[in-house]
Amino acid sequence: MLAESSENLSSIMTSACRSIDIASPALEPALFDKDEVVSAVVELARKGRNPRIRLLIANDNPSKLERHRLVALTRRLTSAVSLRVLSSHPEWHHQTIVIGDQRQVLLLLQGQREQKVLDHPHSVTRWVDVFDRLWHASEQSSELKNHY
């Protein structure tokens with residue numbers, strides 16, 4: 001399942017031209033701390049016109065994230081990449097949500113054992129709206145800000 005999830009993630013990340021939104025409890029390193037994911041974020045940040053990459057996590061413990069390459073990008077690409085924390089919210093059951101250009105959604109459920117790729121406009125819009133509500137309820141990470 002991890003290989004299939006990685007393929008779907010890579011497809012969404014590399015095809016994005018404007019935005020990538022990721023909600024993942026701990027930015028699972030097996031999925032997100034990989035060369036192709038980091039490269040896709042860097043490419044979008046550099047090639048895009050007003051690119052937006054939003055990373056939403058549930059736990060901002062610096063010891064778990066200090067070597068994570070996506071977290072490092074938030075310090076290097078400050079105008080394009082944002083990281084926020086939301087420990088709990090009634091609409092987020094700590095599933096992983098990846099949205100590319102508000103056109104495609106990858107959902108990873110039950111500890112990444114089940115996945116769905118959505119591209120129907122109605123389904124995508126629903127998850128875009130959920131992500132936006134989560135993002136607005138979140139806050140900047142004081143833990144990570146103080147750590148770096």
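The backbone oxygen of Val71 lies 2.5 Å from a polar atom of the side chain of Thr74. That pair is a good place to enter this structure, which is a predicted model: local features need pLDDT of at least 70, side-chain atom pairs count only at pLDDT 80 or more, and totals for chains, interfaces and linings use all residues. Residues are numbered from 1 along each chain as its sequence is written, and side-chain values use heavy atoms, with hydrogens and water left out.

**Helix H5 and its neighbour**

Thr74 belongs to helix H5, where helices are DSSP runs of H or I with at least four residues, strands are E runs of at least two, and both are numbered from the N terminus. With a relative accessibility of 16%, Thr74 counts as buried; the term buried means under 20% relative accessible area, exposed means over 50%, and partly exposed lies in between, using a 1.4 Å probe and protein chains only.

Which residues of H5 are buried? They are Leu70, Val71, Leu73 and Thr74. Because they cover an arc of only 150 degrees around the axis, they sit on the same side of H5; the arc is that of the directions from the helix axis to the C-beta atoms. Ala72 is also part of H5, which spans residues 69-76, but Ala72 is partly exposed at a relative accessible area of 23%. From Ala72 to Leu56 the separation is 16 residues in sequence and 14 Å in space, C-alpha to C-alpha.

H5 also meets helix H3 (residues 35-47): their axes come within 10 Å and cross at roughly 20 degrees. That makes the two helices, H3 and H5, roughly parallel. For these values, axes are lines fitted to C-alpha atoms, for helices over the stretch in contact, and angles run from 0 to 180 degrees between N-to-C directions. Angles under 35 degrees count as roughly parallel, over 145 as roughly antiparallel, 65 to 115 as roughly perpendicular and the rest as oblique. The H3 and H5 crossing is right-handed, a crossing being right-handed if the near helix is turned clockwise from the far one by less than a right angle, and left-handed if anticlockwise.

**The sheet and strand E4**

Now for the strands. An open sheet is formed by 7 strands in the order E6-E5-E4-E1-E2-E3-E7, with mixed pairing; two strands pair if DSSP finds at least two bridges between them. E6 and strand E7 (139-140) stand at the edges with a single partner strand each, so one side of each has no neighbour in the sheet. As background, strands of a sheet pair through backbone hydrogen bonds, either parallel or antiparallel.

Why is strand E4 (residues 96-100) described as largely enclosed by the rest of the structure? Because 5 of its 5 residues are buried. Both faces are covered, with buried Thr96, Val98 and Gly100 on one side and buried Ile97 and Ile99 on the other.

E4 runs antiparallel to strand E1 (residues 19-23), joined to it by 4 bridges. Within E4, Ile99 is the bridge partner of Asp21, and Gly100 is that of Ile20. Strand E5 (residues 104-109) is also antiparallel to E4, with 5 bridges between them; here Ile97 has Leu107 as its bridge partner in E5. E4 and E5 form a hairpin with 3 residues between them.

**Positive phi values in the loops**

Asp101, in the turn of that hairpin, has a positive phi of about 55 degrees. Two further residues are set out below, each a residue other than glycine with a positive phi.

| Residue | Phi | Loop | Relative accessible area |
|---|---|---|---|
| His94 | near 55 degrees | between strand E3 (81-85) and E4 | 36%, partly exposed |
| Gln102 | near 55 degrees | between E4 and E5 | 39%, partly exposed |

**Gln115 in an edge strand**

Is Gln115, a residue of strand E6 (residues 114-118), buried or exposed? Gln115 is buried, with a relative accessible area of 15%. The side chain of Gln115 makes a polar contact with the side chain of Asn8 at 3.0 Å and with that of Glu4 at 3.2 Å. A polar contact is a pair of N or O atoms within 3.5 Å; within protein, one must be able to donate a hydrogen and the other to accept it, and residues adjacent in sequence count only if both atoms are side-chain atoms.
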